[in-house]
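Open the model in your viewer and keep the sequence panel visible. The stops below are meant to be taken in order.

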Amino acid sequence: MVDSMGTALVRLLGISGSPREASTAFVIQEGLKYAAKMFNAQTEYFSLQNKDIKFCIHCDYCVREKKGCVHEDAMVEAYDKMEKADTFIIGTPVYNGSISGQLKMFLDRCRALVAKNPRALENKVGAGVAVGGDRLGGQGGCRRTGSPLGFISARAFTTEQILKFFLRHNRKGSGDS
Ligand SMILES: Cc1cc2nc3c(=O)[nH]c(=O)nc-3n(C[C@H](O)[C@H](O)[C@H](O)COP(=O)(O)O)c2cc1C
């Protein structure tokens, strides 16, 4: 897609790896709004909240058949969005010093996306955001676990920082410390 000057618009996909509509979802959606306003980005949002996403079962159907994943669930929609996006912003709550289980399942299932189309993520950049309850709650661990999908310039937040941001913008926070 191009703008009125013929310049290609960046397609940015925001993914929230939280099972709640709270801090992580807020940060990702604010990031999308910022990118749309400042860079005229075409934004899409995909939340893992209440999504049916099955575990990768390492059946190797994806690498054998190159037709996608054996599971037909919410990842079908995610694969489509990821292929269309030029860049990503991926957020996770810190769970026990790492990314959420929901995001881990999501990332594991991306094996099928790349097996079907090895160029699906080629030249695509991403940024990661980790939101923890504590200032040193393990945000760095999220950076390592999330690395397969381009957590290139990870930013760590605490819930407290997000809450302050919520309050400044008269929004309701998640209630965490
Ligand atoms: C199972 C579980 C484990 C957690 N482990 C950590 C942790 O290791 N470090 C941390 O700083 N916060 C931890 N938290 C707190 C969350 O990271 C924090 O509340 C975060 O803001 C939740 O994100 P959300 O508001 O997007 O759901 C944990 C929360 C849960 C439910």
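This tour of a predicted model goes from the ligand to a helix and then to a loop.

**Stop 1: the ligand.** Select the ligand and the 19 residues around it. Which of them come nearest? They are Ala22, Thr24, Pro93, Gly132 and Gly137. Now colour by element: helix H1 (23-39) and strand S4 (125-132) are the elements that give two or more residues to this shell. Colour the shell by residue class instead, and it divides into eleven polar, five nonpolar and three charged residues.

**Stop 2: helix H1.** Select residues 23-39, the span of H1. This helix has 17 residues, and from its first C-alpha to its last it reaches 24 Å, close to the 24 Å expected at 1.5 Å a residue. Within H1, pick out Ser23, Thr24, Ala25, Phe26, Val27, Ile28 and Gly31, which are buried. Thr24 also belongs to the residues that come nearest to the ligand. Step just past the end of H1 to asparagine 40, where phi is positive, at about 55°.

**Stop 3: valine 70.** Move on to the loop between helix H2 (61-65) and helix H3 (75-84), where valine 70 is found. Is valine 70 buried or partly exposed? Valine 70 is partly exposed, because 14 other C-beta atoms lie within 10 Å, and a buried residue would need 20 or more. Leaving aside residues up to four places away in sequence, valine 70 touches Cys59 and Tyr61. Finally, add cysteine 56: valine 70 and cysteine 56 are 14 residues apart in sequence, and their C-alpha atoms are 9.2 Å apart in space.

How values were computed: Residues are numbered from 1 along each chain as its sequence is written. This is a predicted model: local features need pLDDT of at least 70, side-chain atom pairs count only at pLDDT 80 or more; totals for chains, interfaces and linings use all residues. Helices (H or I, at least four residues) and strands (E, at least two) are DSSP runs, numbered from the N terminus. A residue is buried if 20 or more other C-beta atoms lie within 10 Å of its own, exposed if 12 or fewer, and partly exposed in between; C-beta atoms are placed from the backbone. Two residues are in contact if their C-beta atoms, placed from the backbone, lie within 7 Å. A residue is near a molecule or strand if its C-beta atom, placed from the backbone, lies within 6 Å of it. Ala, Val, Leu, Ile, Met, Phe, Trp, Tyr, Cys and Pro count as nonpolar, Asp, Glu, Lys and Arg as charged, and the others, Gly among them, as polar. The expected span of a helix is 1.5 Å times one less than its number of residues.
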